[in-house]
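Reader: I'd like to go through this one with you and ask how each label was earned. Can you put it up?

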Amino acid sequence: MSKLNGKVAIVTGAARGIGAEIAKKLASDGADVAVVDLKAEWCEETVKAIEEKGVKAIALGVNVAVSAEVDACVKEVIEKLGRVDIMVNNAGITKDGLLMRMSDEDWDQVIDVNLKGTFLFTRAVSRPMMKNKSADGNPSGGAIINIASVVGIMGNAGQANYTASKGGVIALTKTTSKELGSRAIRCNAVAPGFIQSKMTDVLPEDVKKAYMDTIPLKRFGTASDIAECVAFLSSDSASYITGQIISVNGGMIG
Ligand code: NAI
């Protein structure tokens, strides 16, 4: 039996990139998946890939920063897929610039999507997850996995808004684990390092080389490296792990 058989996952920002890879990996491990992104039609490719694995998938267009949309999304997932066991808060944006020139809008947008979005989905799934525990003596309420970043730990020039949002996600992860632990809901974060993606492909070669010099494993990470860690944290194999920030960064920082 696959590790996540019978479980239902919501993955945000799952139309492409790391989120799409996470959604497909959870499906490979047996979970039904709600694929969430700004527009439902952007999710079609991910949904198709998941359905080919023989599990269910639905596409939902949701702005993670809008409370009413998030609440409606969780309601619809429960109506269509029956429950929610795994919540992956992956949707994220950057709007980089030096802080002395950063606009209020660029600050607010990044905090709203990356940090408030994570809070809104965590709040929305907490009640249904609490009910999982009481049903049929099920020992697991649920697992929440937040995607942070190495720069949320280290800081990074030119990313005041992004690093603050990811630092906030790390603190929120720890608080969630403390508030919901007694209801058997675990909450952990994965902090990726430099991951090969559309975001990082465009960086100049000298910047990439400077990063590579700091990575003991001498390669950039892949979306799959992140998805493997998320799948483990989602599963009952991680049933005694909560409140942790797992760095997946090739050894970039300890
Ligand atoms: P990406 O830009 O390829 O994908 C992000 C997805 O989130 C997109 O499909 C986008 O439409 C969606 N999204 C953006 N705003 C949204 C909103 N308001 N509501 C719903 N969906 C929204 O990014 P990538 O590289 O896949 O990153 C995924 C996560 O990993 C992000 O949280 C990012 O901060 C984090 N991360 C990425 C790293 C990298 O090197 N690529 C390194 C460290 C962390």
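Reader: Where does A184 sit, and what makes its backbone worth a mention?

Author: This is a predicted model, and in it A184 lies in the loop between α6 and β6, the latter being residues 185-192. Its phi is positive, about 60 degrees, although A184 is not a glycine. K218 is another residue other than glycine with a positive phi, near 55 degrees. That one is found in the loop between α8 (205-212) and α9.

Reader: Why is V84 called buried?

Author: V84 has 1% relative accessibility, and buried means under 20%, so V84 gets the label. Its place is the loop between α3 (67-81) and β4.

Reader: What does V84 touch?

Author: Not counting residues up to four places away in sequence, V84 touches V8, I10, I78, V125, P128, M129 and N132. Take V8: it is 76 residues from V84 along the chain, yet their C-alpha atoms are separated by 5.0 Å.

Reader: How do you know that N89 is buried, and where is it?

Author: N89 comes out at 3% relative accessibility, and since the cut-off is under 20%, it counts as buried. It is found in strand β4, residues 86-89.

Reader: What makes the pairing of the N89 and N146 side chains a polar contact?

Author: The distance between them is 2.9 Å, and a pair of N or O atoms has to be within 3.5 Å, with one able to donate a hydrogen and the other to accept it, so the pair qualifies. N146 is also on the contact list of N89, which leaves aside neighbours within four places in sequence and includes T12, G117, F121 and I145.

Reader: Which helix holds V230, and why is V230 called buried?

Author: V230 is found in helix α9, residues 223-234. Its relative accessibility is 0%, and buried means under 20%, so it counts as buried. Beyond its neighbours within four places in sequence, V230 is in contact with I22, V88, I145, I147 and V190. As for I144, 86 residues away along the chain, its C-alpha is 9.6 Å from that of V230.

Reader: And T200: buried or exposed?

Author: Buried, because its 9% relative accessibility is under 20%. T200 is found in helix α7. A polar atom of its side chain lies 2.7 Å from the backbone oxygen of I195. Leaving aside neighbours within four places in sequence, T200 is in contact with F194, I195 and K208.

Reader: On to the ligand. Which residues are closest to it?

Author: The shell has 26 residues, and the closest are R16, D37, N63, N90 and Y162. Helices α1 (17-28), α6 (160-180) and α7 (198-201) each supply at least two residues of that shell.

Reader: What makes the approaches of Y162, K166 and V62 polar contacts with the ligand?

Author: Set each distance against the 3.5 Å limit for N or O atoms. A polar side-chain atom of Y162 lies 2.5 Å from a ligand oxygen, and for K166 the corresponding value is 2.9 Å, again to an oxygen. With V62 a backbone N or O atom lies 3.3 Å from a ligand nitrogen. These distances are within 3.5 Å, so the term applies.

Reader: How much of the ligand does the protein bury?

Author: The protein buries 92% of the 840 Å² that the ligand exposes when taken alone. The space taken by the ligand is the largest pocket.

Notes
Residues numbered from 1 in each chain as written. Predicted model: local features only at pLDDT ≥ 70, side-chain atom pairs only at ≥ 80, totals over all residues. Heavy atoms only, no water. Helix = DSSP H or I, 4+ residues; strand = E, 2+ residues; numbered from the N terminus. Buried < 20%, exposed > 50% of the residue type's maximum accessible area, 1.4 Å probe, protein only. Contact = heavy atoms within 4.5 Å. Near = heavy atom within 4 Å. Areas by Shrake-Rupley, 256 points an atom, 1.4 Å probe, with all protein chains shown as cover. 1 Å grid on protein atoms, 1.4 Å probe; cavity = no way out; pocket = protein on both sides within 12 Å on 5 of 7 lines; lining within 4 Å. Sits in = over half its atoms within 2 Å of the grid points.
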